[in-house]
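Visitor: Could you take me in for a close look at one strand pairing, and then walk me outward from there?

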Amino acid sequence: ELKALGRIHTYGEFLESFHLARAAGFQNINVDLMCALPGQTVEGFMKTLEKTADLNPEHISAYSLIVEEGTPFYEIYGEGRGTGLLPDEEEERQMYHKTREFLSSRGYERYEISNYAKKGRECRHNVGYWTGVPYLGLGLGSSSCMNGTRFSNERDLDTYLHLDFSEEGGSSALALLRGPVEELTREAQMEEFMFLGLRMTKGISEIDFVSMFGIKIEGIYGPVIERLIADGLLKREGVWISLTEWGMDVSNFVLSEFLL
């Protein structure tokens with residue numbers, strides 16, 4: 001499977017890295033897994049999942065393969081060319097359901113569509129993204145989102161190394177900014193609040209929406225939310241709105257409904 005993905009490491013090297021990290025004293029380790037790979041079966045993925053759980057990492061991310069346009073995989077599997085080579089939608093859905101059931105039995109709680117953790121070991125880095133916490137990236141090619149503005153640093157190493165930040169050089173930290181600077185509109189921030197926050201199993205809080213935007217969520221998304229609840233894709237518990245199990249299965253569709 002690693003070879004099919006074009007990865008340059010082996011399973012043995014993964015195991016060595018994991019055990020070296022433990023030996024070095026790391027007590028909070030994540031393992032990334034991918035399902036719906038070329039030639040993969042439900043049974044095969046479950047064996048991979050079981051081997052991973054046997055290592056007892058604190059966190060497991062289990063993502064589905066997405067065949068992105070413009071990639072070598074798209075040339076092979078895109079536009080229907082993957083039929084019979086990639087697991088079908090039903091097999092992929094089984095992988096997701098069995099992943100949740102199996103990891104729950106091993107003490108991992110699903111707290112986001114594709115992420116599972118031992119109690120108290122949820123990834124603070126990712127939760128920050130999903131809940132709109134501002135972040136500042138430092139270094140080559142890093143990305144930031146501060147005060148409603150998204151920007152990134154210089155990505156070319158040679159250019160980065162030759163930037164002059166000395167007082168004599170007259171440069172400042174602004175010299176780092178080479179990517180586009182995107183000012184997020186109020187509508188864009190509302191969209192991100194919804195389709196990032198709803199990735200979390202606890203969902204989004206109507207109170208948080210009012211705090212951030214000064215308007216009740218019904219005033220913006222009321223009809224959409226009610227329709228999705230009626231369709232069994234969303235549920236409301238107190239002030240919290242979240243995806244149902246069926247909603248998680250078709251999350252891309254559900255989340256797209258919140259684009260303004």
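Guide: Sure, let's start where strand S6 meets strand S7 (residues 182–183): the two run antiparallel and are joined by two bridges. Strands pair here if DSSP finds at least two bridges between them. Strands themselves are DSSP runs of E, at least two residues long, while helices are runs of H or I, at least four, and both are numbered from the N terminus. Bear in mind that this is a predicted model, in which local features need pLDDT of at least 70, side-chain atom pairs count only at pLDDT 80 or more, and totals for chains, interfaces and linings use all residues. Residues are numbered from 1 along each chain as its sequence is written, and side-chain values use heavy atoms, with hydrogens and water left out.

Zoom in on Glu182, which sits in S7 and is the bridge partner of Arg150. Leaving aside residues up to four places away in sequence, Glu182 touches Gly148, Thr149 and Arg150; a contact means heavy atoms within 4.5 Å. The C-alpha of Glu182 is also 6.4 Å from that of Phe151, although the two residues are 31 apart along the chain. Is Glu182 buried or exposed? Neither, quite: Glu182 counts as partly exposed because its relative accessibility is 38%, and that class lies between buried (under 20% relative accessible area) and exposed (over 50%), with a 1.4 Å probe and protein chains only.

Now step across to the other neighbour of S6. Strand S5 (residues 143–146) pairs with S6 (residues 149–152) over four bridges, again in the antiparallel sense, and Ser144 has Phe151 as its bridge partner in S6. The two strands make a hairpin with two residues between them, and Asn147 in that turn has a positive phi of about 50 degrees.

Cys145 lies within the residue range of S5, and at 14% relative accessibility Cys145 counts as buried. Don't go hunting for a disulfide, though: the structure holds zero of them, where a disulfide is a pair of cysteine sulfur atoms within 2.5 Å. Cys145 can't manage one because its closest cysteine sulfur, in Cys123, is 17 Å away, too far for a bond. It's a similar story for Cys35, whose closest cysteine sulfur is also in Cys123, at 19 Å and so too far for a bond.

Cys35 takes us to strand S1 (residues 30–35), where the side chains alternate: Val31, Leu33 and Cys35 point to one face and are buried, while Asn30, Asp32 and Met34 point to the other and are not. With 2% relative accessibility, Cys35 counts as buried. S1 runs parallel to strand S2 (residues 59–64), with six bridges joining them, and Leu33 stands opposite Ala62 in S2.

Back to the stretch after S7. Helix H7 (residues 186–197) has 12 residues and reaches 16 Å from its first C-alpha to its last, close to the 16 Å expected if you take 1.5 Å times one less than the number of residues. Its buried residues are Ala188, Met190, Glu191, Phe193, Met194 and Gly197. They pack against helix H5 (124–130), strand S8 (204–205), helix H8 (206–213) and helix H9 (218–230).

Of those partners, H9 deserves a pause. Met190, Glu191 and Met194 in H7 meet Ile220, Tyr221 and Ile225 in H9. The H7 and H9 axes come within 12 Å and cross at roughly 35 degrees; axes are lines fitted to C-alpha atoms, for helices over the stretch in contact, with angles running from 0 to 180 degrees between N-to-C directions. The crossing is right-handed, the near helix being turned clockwise from the far one by less than a right angle.

S8 leads on to an open sheet of three strands, in the order S8-S10-S9 with antiparallel pairing. S8 and strand S9 (234–237) are the edges, each pairing on one side only. H9 packs on this sheet as well, touching S9 and S10, and its direction makes about 115 degrees with that of S9. Two bridges join S8 to strand S10 (residues 240–243), with Ser205 opposite Trp240.

Finally, pull all the way back: the chain comes to 11 helices and 10 strands, and its C-alpha atoms fill a box of roughly 65 × 50 × 45 Å along the principal axes. Of the 260 residues, 36% are buried.
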